[in-house]
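I opened my notebook to write down what I looked up in this entry, one topic at a time. The structure comes first, and my notes follow it.

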Amino acid sequence: LNDFLQVLNEVSGRDMQAWANAWLQTSGVSALGTKRVYGEDGQLTDLILTQELPAQQPAGLGRPHVAKLETFALTDGKLVSTGLLSLEYPAEPVSEYRVELTDEQKKLVGEADLLMLNAEDHTYAKVALTDEDGLQAAIEGVSTLESALSRGLIWGSLWENVRDARLPVTTYVDAVVRNVSKEPSASLLGTMVNNAQVAIATFSAPTGRERLYDALYDAFAAALAQAQPGSDEQLILLRGLISVSTNATKGEELCRDIARGAFEDTTGDIADATGIPYDQNLGWSALGALASRNLVTVEDLDRAVTRTRLLPCLLLSVRLPHTRPSWKTSRCRTTLWPRPLTVLLVARLSCVSPTTTPTLRLCCLSGRLVRLVWRPALCVACTRRLRTTPAPLRVWVLRVTPPLRWLSVGWRRTPRLLRLCVA
C-alpha cells in the first residue's frame, strides 16, 4: 500500500498518505452541510462548509472531500439548475470552513432557492439539508428536477435526515404528498412510497400516525388517477394504497374491490386502476389490509383459500401480519394446534446456498395450512437439515412447539417451494 501511495503522491502532487489515513483506516460517514452568511444589505458575504465527523474518528484526524455544489431557482413551481461550483473540504479536523468565492459566485449562491451539496455524487458522505440550504424549496419541487440523479440525491438526503432525527416525519411525509404525482421515475417512486410508510410506522408519534396515513392515502389515490394505465408507476401506487389502507381510515371500498381477485374468477381491470387486472396476489394483499382493520371474517378467508390456485409458497407469502389481537374470535381460539408440529419442506434451491436455512413466521393452522391472519412470536424447538440431495433439491425437517396458530416459510432469496407437508 505504501508503494502504491508513493506513486499516487508523485502523480497527483498531493499527500495521499494523509488521505489514506482519513479514508482507508477509519470508518463511519461524515455529514456535510452549508451555511450562507448575508450582510446588512442582504447580499451574500460568506459561504461556510460544515462537516460533522463520525463519532469514532480519531482525534486530530479530519476527512477531506471534493464535492460539487449545484444551485437551483424555484420558478413557476419547478426547480431549475442555475449553476455548478466545485468545492474542496480540507483534511484538517475543522467543523467549519470558509470558501473563497468570486463576486459572480456569491451572487449565484446568494440568490439560489436551493443549494444541493455533493451534486453528481462525487464523495461518500451524508448531506444535512437545512432551511438555510432551501429545504422548503426541495419539499415543494424535488420531483420537478430534470435529472434523475439530482432527484435521487435530494430524496436520499431527506430520508437520511429523517433517520438521523434531523427532519420531522411530518415534513418528510409532506414532501412525498407534494411530489408523488410528479415523480417520473418508477424506481424513485417506489422508494418514496415505501420510505414514507416506514417513517410513519417507525419514527412518528403513535397519536399522529392515522392522520399521516390518511394524507398518504389521498396523495396516492390522486397520483393513481393520473398514472398511465398498465405502467409500473400505476402498479406501485396501487400496492402503496393497499399497504396504506392497513393503517388509514380510508381505503375499505378499494380493498374490497381488489379482494375480489382472491374470491372469484373476476375478469377485466380493477375499477380504480384501469390497465391492472384482478389477480390473486393483489386480492390477498387487499384481504390483509381488511383483516388488519377487522373488516374480514374467517369465513371470507376460508372461501378465498378454497379457490386459490397459488403454490403453497405463494399462499404462505401473503402479507397479513398486522391483524389486531382483538380480531381473534372464539372460533380462532379453538383452532390452536395442541401438540408439537413437524414440517417437511422440499424446495428447489438452484439460486440458494446448500447451507441456507428457512426462516419461519406464523400462519393459521386448522389441520393444514389454510390462511394467514395474525403473526405472534414463534418458538422453534429445533431446526435441522435432514439430508442433501445431489440435485438442486433440498429437504428440511423442522420441529415446532405449541401453542401454534401461524406458520409461513420464506428465504432471503426465494427459491421455488415444491412441496410443504404438515404432520
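Is T123 buried or exposed? I found T123 buried, with a relative accessible area of 10%, where buried means under 20% relative accessible area, exposed over 50% and partly exposed in between, for a 1.4 Å probe and protein chains only.

Before going on I noted that this is a predicted model, in which local features need pLDDT of at least 70 and side-chain atom pairs count only at pLDDT 80 or more, while totals for chains, interfaces and linings use all residues. Residues are numbered from 1 along each chain as its sequence is written, and side-chain values use heavy atoms, with hydrogens and water left out.

I then placed T123 in the loop between strand 6 and strand 7 (126-127); helices (H or I, at least four residues) and strands (E, at least two) are DSSP runs, numbered from the N terminus. Leaving aside residues up to four places away in sequence, T123 touches W23, L32, H65, V66, A67 and N118, a contact being heavy atoms within 4.5 Å.

W23 led me to helix 2 (residues 16-23), where M16, A20, A22 and W23 are buried. They lie on the same side of helix 2, because they cover an arc of only 165 degrees around the axis, the arc being that of the directions from the helix axis to the C-beta atoms. The buried residues of helix 2 pack against helix 1 (2-12) and strand 3 (65-75).

Strand 3 took me to an open sheet of three strands, with the order 4-3-6 and antiparallel pairing; two strands pair if DSSP finds at least two bridges between them. Strand 4 (78-89) and strand 6 (114-117) stand at the edges with a single partner strand each, so one side of each is left without a neighbour in the sheet. Strand 3 and strand 4 pair over eleven bridges in the antiparallel sense, and I noted that L79 in strand 4 is the bridge partner of L74.

Last, I checked the confidence, pLDDT, which the predictor gives each residue from 0 to 100. The chain averages a pLDDT of 76, and 72% of the residues score at least 70. Among the elements, helix 15 (residues 330-333) has the lowest mean pLDDT (28), and helix 6 (residues 169-179) has the highest (96). Over residues 310-423 the pLDDT is below 50. Where pLDDT is low, the predicted coordinates should not be read in detail.
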